[in-house]
Amino acid sequence: MSALPVYPWRLAPDGYATRRQLRAQGLRPGGQDVAAQLERPRRRRGPLVAYLYRIDRAKPVRPMTPARWAALGRANAARRTCPACRRDAGYVIPAALGTCVPCAYPDTQTSGV
């Protein structure tokens, strides 16, 4: 097993990209192993590391099928549905509350200003 090449931050050679950079180009790693890494030094902690993949080995992003769109819609609807009152809150329920704001704070009345 060979060690990964390590490059300083912002100085990677052409032909390498992070996952986000690949996604911006409509690509995905496609099962390839990490090809290199970037390191950004920090003062009091270890360096920040970004893994790089080869662009020439990347594959196109798989298109969303109607079934995947439907599953994503159901998952987002579940995140908006209050488990206490079963209503669509119109926003993603905060994990810290666990319920919609009216159910979390029933004593507080909103004044119609």
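Colleague: What makes cysteine 82 buried rather than exposed?

Modeller: This is a predicted model, and cysteine 82 has a relative accessible area of 0% in it. Buried means under 20%, so cysteine 82 is buried.

Colleague: How many disulfides does a search of the whole structure find?

Modeller: The search finds zero disulfides. Cysteine 82 has the sulfur of cysteine 100 as its nearest cysteine sulfur, at 3.6 Å. A disulfide needs the sulfurs within 2.5 Å, so cysteine 82 is in no disulfide.

Colleague: How do you know that cysteine 100 is not bonded to cysteine 103?

Modeller: The closest cysteine sulfur to that of cysteine 100 is in cysteine 103, and it lies 3.5 Å away. The cut-off is 2.5 Å, so this is too far for a bond. Cysteine 100 has a relative accessible area of 5%. That is under 20%, so cysteine 100 also counts as buried.

Colleague: Now the aromatics. How many aromatic pairs does the whole structure hold?

Modeller: The search finds one aromatic pair. Tyrosine 7 and tyrosine 16 form it.

Colleague: Why is that pair called tilted?

Modeller: The centres are 6.2 Å apart, and the planes make an angle of 45°. The centres must lie within 6.5 Å, so the two tyrosines qualify as a pair. Stacked needs under 30 degrees and edge-to-face over 60, so 45° is tilted.

Colleague: Are those two tyrosines buried, exposed or partly exposed?

Modeller: Tyrosine 7 has a relative accessible area of 21%. Tyrosine 16 has 24%. Partly exposed runs between 20% and 50%, so both tyrosines fall there.

Colleague: How do you know that the charge of arginine 40 sits over the ring of tryptophan 9?

Modeller: The charged end of arginine 40 is 5.8 Å from the ring centre of tryptophan 9. The limit is 6 Å, so the distance passes. The term also requires a position within 35 degrees of the ring normal. Arginine 40 is listed as sitting over the ring, so that condition is met too.

Colleague: On to the sheet. What is the strand order, and what are the edges?

Modeller: Four strands form an open sheet in the order β1-β4-β5-β2, with mixed pairing. β1 (6-8) and β2 are the edge strands, since each pairs on one side only.

Colleague: How do you know that β2 pairs with β5?

Modeller: Two bridges join β2 to β5 (residues 48-54). The minimum is two bridges, so the strands pair. They run antiparallel. Tyrosine 16 stands opposite arginine 54 in β5.

Colleague: What makes the pairing mixed?

Modeller: β1 and β4 pair in the parallel sense over three bridges. There, valine 6 stands opposite glutamine 37 in β4. β4 and β5 run antiparallel, joined by five bridges. Leucine 38 has alanine 50 in β5 as its bridge partner.

Colleague: Why is threonine 18 called buried although it lies in a loop?

Modeller: Threonine 18 sits in the loop between β2 (16-17) and α1 (19-24). Its relative accessibility is 16%. That is under 20%, so threonine 18 counts as buried. Beyond its neighbours within four places in sequence, threonine 18 is in contact with Ala50, Tyr51 and Leu52.

Colleague: And proline 41, buried or exposed?

Modeller: Proline 41 lies in the loop between β4 (36-40) and β5. Its relative accessible area is 68%, over the 50% mark, so proline 41 is exposed.

Colleague: What makes the phi of arginine 10 worth listing?

Modeller: Phi of arginine 10 is near 70°, a positive value in a residue other than glycine. Arginine 10 is in the loop between β1 and β2. At 74% relative accessibility it passes 50%, so arginine 10 is exposed.

Colleague: What is the phi of arginine 86, and where does the residue lie?

Modeller: Arginine 86 has a positive phi of about 60° and is not a glycine. It lies in the loop between α2 (66-80) and α3 (101-104). Its relative accessible area of 64% is over 50%, so arginine 86 is exposed.

Colleague: Last, which residues make up the largest nonpolar core?

Modeller: That core has five residues: Ala17, Leu22, Leu27, Tyr53 and Ala58. Core members must be buried, so each of these five has under 20% relative accessible area. Outside its neighbours within four places in sequence, leucine 27 has contacts including Leu22, Ile55 and Ala58.

Technical notes. Residues numbered from 1 in each chain as written. Predicted model: local features only at pLDDT ≥ 70, side-chain atom pairs only at ≥ 80, totals over all residues. Heavy atoms only, no water. Core = buried A, V, L, I, M, F, W, Y, C linked by side-chain atoms within 4.5 Å. Buried < 20%, exposed > 50% of the residue type's maximum accessible area, 1.4 Å probe, protein only. Contact = heavy atoms within 4.5 Å. Phe/Tyr/Trp six-rings, centres within 6.5 Å; stacked < 30°, edge-to-face > 60°.
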